[in-house]
Number of protein chains: 2
Amino acid sequence: MWRMARPRKPLLSRDRIVEAAGALVDAEGLEAVSTRRLAAALGVSGPSLYNHFRTKDEILEAVADAVSARVDLSMLEPGDGRDWRTALHDWAHSYRAALADHPHIVPVLARGPGRRPAGLRLADAVFGAMTRAGWPPAQATRIGALMRYFILGSAVASFAGGFVDDRGAYDPADYPHLGQAHLLADRQREIDESAFETGLRALLDGLCVQYEALGPH
Amino acid sequence: MWRMARPRKPLLSRDRIVEAAGALVDAEGLEAVSTRRLAAALGVSGPSLYNHFRTKDEILEAVADAVSARVDLSMLEPGDGRDWRTALHDWAHSYRAALADHPHIVPVLARGPGRRPAGLRLADAVFGAMTRAGWPPAQATRIGALMRYFILGSAVASFAGGFVDDRGAYDPADYPHLGQAHLLADRQREIDESAFETGLRALLDGLCVQYEALGPH
DNA sequence: ACCTGAACACCGTTCAAGT
DNA sequence: ACCTGAACACCGTTCAAGT
């Protein structure tokens, strides 16, 4: 008589948890994620999650990391033919697109790369591409950071709040310049989009100015 | 025998609540603010707050608005002599300084101006200054938005997380370019500062390029 | 009008117990 | 090793009751 077969199959895994948490965040937002709700979605009881993650926060970090991991980095890789400006431009768009797909997790991502490996890979890829293009290392680091600031700042403001839907919420008399039309909810989407484009172009134009000043390549 | 004097003096007011909430946020962070803790700090019981605010979130919005209200806007006012580029530069610095003074509320601020009056006044002031300088209204709106993206994105990343203190947290082999030194915690502060400066300059240089293209003034 | 205590429906996390 | 139920110490918010 042989002993009982040990746990035939773990019900949970880090990957399954992250996937379910991501789906819950996407569907109902960050504040809808509780350990009990998430566990229920996985057909399991609340405390089970703690066999795979130390805290709920770690689960959300992992969800954020999974989104970072989906950002296209091909334009920053050594083999790619694009010049640094074009590479930065295309990367910014692919980054923004990944965030737009998962707007509710953006505030977690914006807190900084933390220990998230995919976030660090992003920073590393930009750094590598910029140094290869001739930027000094210190400047390459700054470019990675400042692009992140702009892209994530734009995403937080655009995808997580913005102006209010209610047309009567503002008294035009209080804001002499904006009063007319510029802060209505239905205009907000196009403002966000065009402000992102304008800002990205300004950033890249400005970096070109600094690049010229480095001397010939 | 005259009837009991009616509530001699309200114990609470919106202003007192916002002030206490702000102090609590500054001292212990956003997640330390519970209605019970806040009420206790005010010498009152939890539900009392609901006589003055509809939700806890509204209290935090008011705290965020109070921080916005402290941003210096003098450089954007009609009388001021500064050209638009200098005004934008100085405003960005005063904005960042106000956020650095209250780092824990930054994530709330970053969600967008919402219904917060001080946030809207900021947007209005930038819009007014840019149109007076000759920018077309649509561009003036975008400049306000894109500057906000950059300033708040930088503040969220810098003041609320960033890289990790633990020097052993990263395996350099995983990040060939960053491995050496660029992501150590003690370097993070100077990186944030210099990346902000570099990005701000790039943004302003880039806007100047676009401004020239508008034609003569 | 403004504050209170009690209560409701939740939280994140720990832990002894089971297999 | 991995999952469970029970429990702890909290939450935000509502509401009847008091003054």
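Which phosphate contact does a backbone N or O atom of Thr35(B) make with DNA strand D, and at what distance? I looked this up first in the predicted model. A phosphate oxygen of DNA strand D lies 2.7 Å from a backbone N or O atom of Thr35(B).

**Entry: other phosphate contacts.** I then went through side chains. For Tyr50(B), an N or O atom of the side chain is 2.5 Å from a phosphate oxygen of DNA strand D. For Lys56(B), the corresponding side-chain distance to a phosphate oxygen of the strand is 2.8 Å.

**Entry: surroundings of DNA strand D.** I found 21 residues around the strand. Leu11(A), Ser48(A), Thr35(B), Arg36(B) and Tyr50(B) are listed as the closest, so to speak, from both chains. Of the strand atoms that come within 4 Å of the protein, 55% belong to sugar and phosphate. Helix 2 of chain B, residues 35-41, gives the largest share of this surface, with three residues. I sorted the surface by class and got nine nonpolar, seven polar and five charged residues.

**Entry: Asp205(B).** I turned to a residue in helix 8 of chain B, which spans residues 185-212. Is Asp205(B) buried or exposed? Its relative accessible area is 14%, under the 20% cut-off, and therefore I noted Asp205(B) as buried. Leaving out residues up to four places away in sequence, I listed its contacts as Gly206(A), Val209(A) and Arg85(B).

**Entry: chain A, fold.** I counted eight helices and zero strands in chain A. Along the sequence the pattern reads α-α-α-α-α-α-α-α. Chain A has 217 residues, and 51% of them count as buried. I took the contacts in chain A with a separation of 6 or more and found that 70% join residues 24 or more positions apart. I noted an accessible surface of about 10800 Å² for chain A, with 53% of it belonging to carbon and sulfur atoms.

**Entry: confidence in chain A.** I checked pLDDT last. Its mean over chain A is 89, and 84% of the residues reach 70 or more. Where does the pLDDT of chain A stay under 50 with zero contacts beyond four places in sequence? I found this over residues 1-7. Residues 162-167 of chain A also have pLDDT below 50, but in the model this stretch has 17 contacts beyond near neighbours in sequence. Predicted coordinates should not be read in detail where pLDDT is low.

Notes
Residues are numbered from 1 along each chain as its sequence is written. Chains are lettered from A and ligands numbered from 1 in the order in which they are written. This is a predicted model: local features need pLDDT of at least 70, side-chain atom pairs count only at pLDDT 80 or more; totals for chains, interfaces and linings use all residues. Side-chain values use heavy atoms; hydrogens and water are left out. Helices (H or I, at least four residues) and strands (E, at least two) are DSSP runs, numbered from the N terminus. Buried means under 20% relative accessible area, exposed over 50%, partly exposed in between (1.4 Å probe, protein chains only). Contact means heavy atoms within 4.5 Å. Accessible areas come from the Shrake-Rupley method with a 1.4 Å probe; for residues, only the protein chains shown count as cover. A residue is near a molecule or strand if one of its heavy atoms lies within 4 Å of it. A polar contact is a pair of N or O atoms within 3.5 Å; within protein, one must be able to donate a hydrogen and the other to accept it, and residues adjacent in sequence count only if both atoms are side-chain atoms. Ala, Val, Leu, Ile, Met, Phe, Trp, Tyr, Cys and Pro count as nonpolar, Asp, Glu, Lys and Arg as charged, and the others, Gly among them, as polar. pLDDT is the predictor's confidence in each residue, from 0 to 100.
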